Amino acid sequence: MDKKNKKKTRKRNKYLSGLLFILIGAACGVLMARYLEAISKGDMPLGKYIVVFGLMLIAMYAAAFLQIIIHETGHLVFGLLSGYRFLSFRIGNLMWIKENEKVRFRKMSLEGTDGQCLMCPPDMEDGKIPFFLYNLGGSFMNIISSLIFAGAYFLCKEIRYLSFFLLLMSIVGIGVAFMNGVPMRLGSGDNDGDNAKSLGKSSAALRSFWVQMKISEQIAKGLRLKEMPEEWFGIPEDDEMQNSMTAAMAVFYENRLMDQHKFEEAGELIDKLCSMNTAIVGLYNNLLACDRLYCELIGNEDEQVINNLRTKEQLKFMKQMKKFPSVLRTEYAFFLLYEKDMTKVNQIKEQFEKCAATYPYASDIESERELLQIADEAAKVLGI
């Protein structure tokens, strides 16, 4: 896909996702208006009216939160039915991960995602693995739950507040199912429907999907990228970079170079990827920019390159991901080597330690600690 068509597709997806949000919001608004009208027929006092309206808004957010849990549970259930094994389950920044055959509680958040269920895939047979049910299981579960809530609504129609919440759960569930099941790019990544569509079209994308899931499994077991099989990592051909699932393998290759401390190679690869027309999703692009900034800070420290990397959009992303290890590491190097602000450096180091205490992947923390030490060594050479 050329840049012009790619831009058109993204614009179409933006309008489609915006339309779906409006339709879901409108449906919830109509429902709330109907119930408020029915409740206020007896000349309800203004204070009570405001309280009821506030409770309805809380109920709407609660319905969205519960449907996210149902969605991720769908990935888990249909994944297990497809032969996958449990790896981790995250809602917001609350995460349960399997470590040494025990499920432990940790904290981690990713910009642009409300939740995530990661599983270990079965072995590939003839270059194939089941993927359809696992990827679309969340949307299926939302639809199933919406039908159940709709049925419960008709059974409890005379119970005013309960029927309101049941119908709200049904509406929100359908909305979440469509937002995730209809192929499109939402925010900084592709949704489940787009992933399933991609995997069905390309054997290379399917292998990339399998490798990425295996990498997640090994990281959960405590292995670092540099310790994993070399054949898992490589830079896809240019035509394969138009598929977001396959293009992600270039990102993992760069991540491995960072773990191997091959900073010059990593920087050159990031520059190459940025100059290409690729399907790398926004989240990965922003994290690549963090790595590129780090490489520049401990290397040439070109002021123009550093300023070009710290764009308004990038700084906004880093603020949103301010508790993510690689973002903290990059900010540490920036304020140590460029700004030479030791007060800020100490604050970031403290934030990093707080993050490390609850972060789910010990191998990532080990790798990032080494990068912090390399920044410290660079500072000593500069006499900081």
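**Exercise 1. How many bridges join S1 to S2, and in which sense do the two strands run?**

Before we start: this is a predicted model, where local features need pLDDT of at least 70, side-chain atom pairs count only at pLDDT 80 or more, and totals for chains, interfaces and linings use all residues. Residues are numbered from 1 along each chain as its sequence is written, and side-chain values use heavy atoms, with hydrogens and water left out.

Step 1. Get the vocabulary straight: strands (E, at least two residues) and helices (H or I, at least four) are DSSP runs numbered from the N terminus, and two strands pair if DSSP finds at least two bridges between them.

Step 2. S1 and S2 are joined by 4 bridges and run antiparallel. One partnership to look up is Ile91 with Leu94 in S2.

Step 3. Now check the turn: the S1–S2 hairpin has 2 residues between its strands, and Gly92 there has a positive phi of about 65°.

**Exercise 2. Work out the strand order of the open sheet and find its edges.**

Step 1. The sheet has 4 strands in the order S3-S2-S1-S4, with antiparallel pairing. Its edge strands, S3 (102–107) and S4 (115–120), each pair on one side only.

Step 2. On average, neighbouring strands are turned by 20° against each other, direction ignored. For angles here, axes are lines fitted to C-alpha atoms (for helices, over the stretch in contact), and values run from 0 to 180 degrees between N-to-C directions.

Step 3. Walk through the other pairings. S2 and S3 pair over 6 bridges, with Lys98 partnered by Val103 in S3. Their hairpin also has 2 residues between the strands, and Asn100 takes a positive phi near 55°. On the other side, 6 bridges join S1 (residues 85–91) to S4, and Phe86 stands opposite Met119 in S4.

**Exercise 3. Which helix packs on the sheet, and which strands does it touch?**

Step 1. Look for contact, meaning heavy atoms within 4.5 Å. Helix H2 (residues 46–81) packs on the sheet and touches S1 and S4.

Step 2. Compare directions: H2 makes about 170° with S1.

Step 3. Sort the residues of S2 (94–99) by face. Met95, Ile97 and Glu99 are on the covered face, while Leu94, Trp96 and Lys98 are on the uncovered one.

**Exercise 4. Track down the salt bridges around Glu217, Arg224 and Arg329.**

Step 1. Set the cut-off: a salt bridge is a side-chain nitrogen of Lys or Arg within 4 Å of a carboxyl oxygen of Asp or Glu. The whole structure has 16 of them.

Step 2. Glu217 and Lys221 meet at 3.5 Å, N to O. Buried means under 20% relative accessible area, exposed over 50% and partly exposed in between (1.4 Å probe, protein chains only). Glu217 is buried at 5%, whereas Lys221 is exposed at 55%.

Step 3. Glu370 and Arg224 meet at 2.9 Å, N to O. Glu370 lies in helix H14 (residues 362–381) and Arg224 in the loop between H6 and H7, so this pair ties together parts 146 residues apart in sequence. Arg224 is buried, with a relative accessible area of 3%.

Step 4. Arg329 and Glu368 meet at 2.7 Å, N to O. Arg329 is in helix H12 (residues 325–338) and Glu368 in H14, so the pair links parts 39 residues apart in sequence. Both Arg329 and Glu368 are buried.

Step 5. Finish with the network: salt bridges that share partners join Arg85, Lys214, Glu217 and Lys221.
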